[in-house]
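Here's a short set of exercises with worked solutions. Have the model open and try each task before you read on.

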Amino acid sequence: MTDTDTTAVGGASAAPPDPGEAVICRGLEYSFGHGKRGSARTKAVDGVDLTVHTGEVFGLLGPNGAGKTTMIRAITTLLPVPAGMAQVFGNDVARRRMEVRRMLGYVPQQLSADGGLTGRENVELFARVFDVPRGERGPRVAQALAAVDLTEAADRLAGTYSGGMVRRLELAQALVSAPRLLVLDEPTIGLDPIARTSVWECIDAVRQATGMTVLVTTHYMDEADQYCDRVGLMDRGKIRALGTAEQLKVQVSEQNPQLEHPTLDDVFRHFAGRDLGRGQESEGGFSDVRRTRRTASRVG
Ligand SMILES: Nc1ncnc2c1ncn2[C@@H]1O[C@H](COP(=O)(O)OP(=O)(O)OP(=O)(O)O)[C@@H](O)[C@H]1O
């Protein structure tokens, strides 16, 4: 079985790496805790095979604690890869960390904007950190802010932004280095439906304008259904199902004739054998984003 099948479970594949793919993981594992002297050992990622095609929006879905963030952190070189392998555009994440980092834009679950700086200053900071050439910084910062519809608010302190604006600012921060792969960890957690839509519309517009690949984690099935080209349903460290939302729904309805029009929630229940937890929804502001993100990263 390869991960291009509509369903897949963990286990290293013999398929050779393909530099034309955006992300390839084979038998990827990561455990927390050393397991010595009876201390707890958590296998957060348990032998995952995954391919993200160049130019697609791929959604990694699953409840709190499924292993999504750990996967993302391994792919973005923020965690070592003790077993298996991961590549970004043909570059092994363990051996070519700097090359991989240069291709990435990453919006972590934790707040990455500084409320004491203006929106523009925040994006400028990222442009400097990611080595955007000095002469290009001004236009690139302006372009990134425009892409997320923050031009008018650019010179206000980020601490005065609404929750949705903060997420869009963080998107601009990740976009300013013109990454080939944009990685977003729960970009819409804690937002109301209108703010969630505006974040997705920005992601969609940028993807269409640049052709960049997007890897996003979420536990909002409706968003994944609407905006992701393909999804991987993750639970307890493994990918339980993989394919387009439509393929997975058809598969579930064929196996459960009583479910005429299954949703992605039904798909998750079918493959994971349990329900998916729900997130909080409130538009909030800068401090709410900070609190929600902290809570989100603590739960699990
Ligand atoms: N720093 C850590 N130390 C120990 N265990 C951890 C650590 N980070 C995550 N874990 C555990 O690893 C497993 C996977 O966590 P992970 O954060 O990757 O899941 P997730 O799907 O991203 O969930 P969430 O959406 O809540 O972040 C969970 O059981 C979690 O408790």
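**Exercise 1.** This one is a predicted model. Find what stands opposite Asp-235 in strand 10, then work out how strand 9 and strand 10 pair.

*Solution.* Start at Asp-235: across from it, in strand 10, sits Lys-238. Now take in both strands: strand 9 and strand 10 run antiparallel, with 5 bridges between them. Finish at the hairpin that joins them, which leaves 2 residues between the strands. There, Arg-236 adopts a positive phi near 45°.

**Exercise 2.** Go to strand 3 and find the bridge partners of Phe-58 and Leu-60 in strand 9.

*Solution.* Phe-58 is bridged to Arg-230. Next, Leu-60 takes Gly-232 as its partner. Put together, strand 3 (residues 57–61) and strand 9 (residues 230–235) pair in the parallel sense, over 4 bridges.

**Exercise 3.** Sort the residues of strand 9 by the way they point, and decide whether they are buried or exposed.

*Solution.* Recall that side chains in a regular strand alternate between the two faces of the sheet. One way go Arg-230, Gly-232 and Met-234; the other way go Val-231, Leu-233 and Asp-235. Then check the cover: 6 of the 6 residues in strand 9 are buried.

**Exercise 4.** Place these strands in their sheet, and say which strands form its edges.

*Solution.* Read across the open sheet of 6 strands: the order is 6-7-8-3-9-10, with mixed pairing. Strand 6 (104–107) and strand 10 (238–243) are the edges, each pairing on one side only. On average, neighbouring strands are turned by 15° against each other, direction ignored. Last, add helix 9 (residues 264–272), which packs on the sheet and touches strand 9 and strand 10. Its direction makes about 45° with that of strand 9.

Terms used
Residues numbered from 1 in each chain as written. Predicted model: local features only at pLDDT ≥ 70, side-chain atom pairs only at ≥ 80, totals over all residues. Pairing = 2+ DSSP bridges. Axes fitted to C-alpha atoms, helices over the stretch in contact; angles between N-to-C directions. Contact = placed C-beta atoms within 7 Å. Buried ≥ 20, exposed ≤ 12 C-beta atoms within 10 Å, placed from the backbone.
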